[in-house]
Amino acid sequence: MAELREKAKLMNAQDLNRVIRRIAHEMVERNKGTDRMILVGIHRRGVYIARRLQKLVEDAEGVKVPCGELDITLYRDDLTTLSEQPIVHSTRMPEDICGKHIFLVDDVIFTGRTVRAALEALVDLGRPQSVQLAVIVDRGHRELPIHADICGRNVPTSKNEVIEVRVEELDGKDEVVICERDA
């Protein structure tokens with residue numbers, strides 16, 4: 001497999017935090033408040049971003065919005081190509097999702113296949129009133145008719161580029177970088 005080489009920094013910690021704050025405000029506006037809202041982070045980095053959004057919404061609105069985490073490993077259509085022993089994380093919902101307004105949170109949207117898997121996983125848990133997608137970066141190259149409802153930044157990329165959203169909790173620093181695969 002080709003090595004990744006960092007090509008450019010797209011966002012530093014301050015930029016990333018500003019984008020996350022903007023997304024939090026837009027979620028509340030789109031939902032007309034926090035009533036029946038649940039944030040659901042897609043493993044891995046989406047979980048940490050969703051928790052940050054939860055804190056920002058709580059600080060701004062004075063209400064703690066429920067926040068869950070969703071593992072999509074077994075719903076992926078490329079499961080057999082990932083590895084012989086895929087790592088399965090936990091799915092935790094703070095409450096029943098039926099009739100709720102779900103904000104699905106992820107770091108990057110690319111082909112749309114991760115979101116498709118997440119939608120299938122959600123449907124297995126119940127029937128929400130609505131599902132909206134919030135991402136830090138949309139890099140294009142969609143293979144399915146799926147789009148982000150709330151997007152921090154659109155970054156057109158080539159197929160040999162990769163966008164990495166790095167979060168302090170997992171990576172030791174907050175930043176967004178674009179990397180290129182060495183041939």
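Start by selecting Thr91 and showing its surroundings: leaving aside residues up to four places away in sequence, Thr91 touches Glu69, Leu70, Asp71 and Leu125. Keep in mind as you look that this is a predicted model. Thr91 sits in the loop between helix H3 (79-82) and strand S4. Is Thr91 buried or exposed? Neither label fits: its relative accessibility is 38%, so Thr91 counts as partly exposed. Now add Asp107 to the selection and draw a distance between the two C-alpha atoms. Thr91 and Asp107 are 16 residues apart along the chain, and their C-alpha atoms are separated by 17 Å.

**Strands S4 and S5**

Next, select residues 101-109, which form strand S4, together with residues 130-138, which form strand S5. How do S4 and S5 pair? They run in the parallel sense, with eight bridges between them. For one place along this pairing, pick Val108 and look across to S5, where Val137 stands opposite. Then colour S5 by accessibility. Seven of its nine residues are buried, so the strand is largely enclosed by the rest of the structure.

**The loop between H1 and S2**

Move on to helix H1 (13-31) and the loop that links it to S2. Three residues here deserve a stop.

- Lys32 lies in this loop. Its phi is positive, about 55°, although Lys32 is not a glycine. With a relative accessibility of 76%, Lys32 counts as exposed.
- Gly33 is found in the loop between H1 and S2 as well. Its relative accessible area is 17%, under the 20% cut-off, so Gly33 is buried.
- Arg36 also has its place between H1 and S2. Its phi is about 60°, again positive in a residue that is not a glycine. Arg36 counts as partly exposed, at 38% relative accessibility.

Why pause over these backbone angles? Most residues other than glycine have a negative phi.

Before leaving the loop, add Val165 to the view and draw a line from Gly33. How far apart are Gly33 and Val165 in space? Their C-alpha atoms are 28 Å apart, with their positions 132 residues apart in sequence.

**A cis peptide bond**

Follow the chain through strand S2 (37-42) and stop at Arg44, in the loop between S2 and helix H2 (45-61). Show the backbone from His43 to Arg44: the peptide bond there is cis, with omega near 15°. Most peptide bonds are trans.

**Stepping back**

Now zoom out to the whole chain and switch to a cartoon. You can count five helices and eight strands. In what order do they come along the sequence? The pattern is β-α-β-α-β-α-β-α-β-β-β-α-β. The radius of gyration is 16 Å, close to the 16 Å from the globule rule for 183 residues, so the chain is as compact as a globular protein of that length. Along the principal axes, the C-alpha atoms fill a box of roughly 50 × 35 × 30 Å.

Try a contact view next. Among contacts between residues at least 6 apart in sequence, 70% join residues at least 24 apart. Of the 183 residues, 44% count as buried.

Finish with a surface. The accessible surface comes to about 9600 Å², and carbon and sulfur atoms account for 47% of it. Colour by charge as a last step: the chain has 28 positive and 32 negative charges, and the mean positions of the two sets are 2 Å apart.

Key: Residues are numbered from 1 along each chain as its sequence is written. This is a predicted model: local features need pLDDT of at least 70, side-chain atom pairs count only at pLDDT 80 or more; totals for chains, interfaces and linings use all residues. Side-chain values use heavy atoms; hydrogens and water are left out. Helices (H or I, at least four residues) and strands (E, at least two) are DSSP runs, numbered from the N terminus. The radius of gyration is taken over C-alpha atoms; the globule rule is 2.2 Å times the number of residues to the power 0.38. Buried means under 20% relative accessible area, exposed over 50%, partly exposed in between (1.4 Å probe, protein chains only). Contact means heavy atoms within 4.5 Å. Accessible areas come from the Shrake-Rupley method with a 1.4 Å probe; for residues, only the protein chains shown count as cover. Lys and Arg count as positive and Asp and Glu as negative; His and the chain ends are not counted. The place of a charge is taken as NZ of Lys, CZ of Arg, CG of Asp or CD of Glu. Two strands pair if DSSP finds at least two bridges between them.
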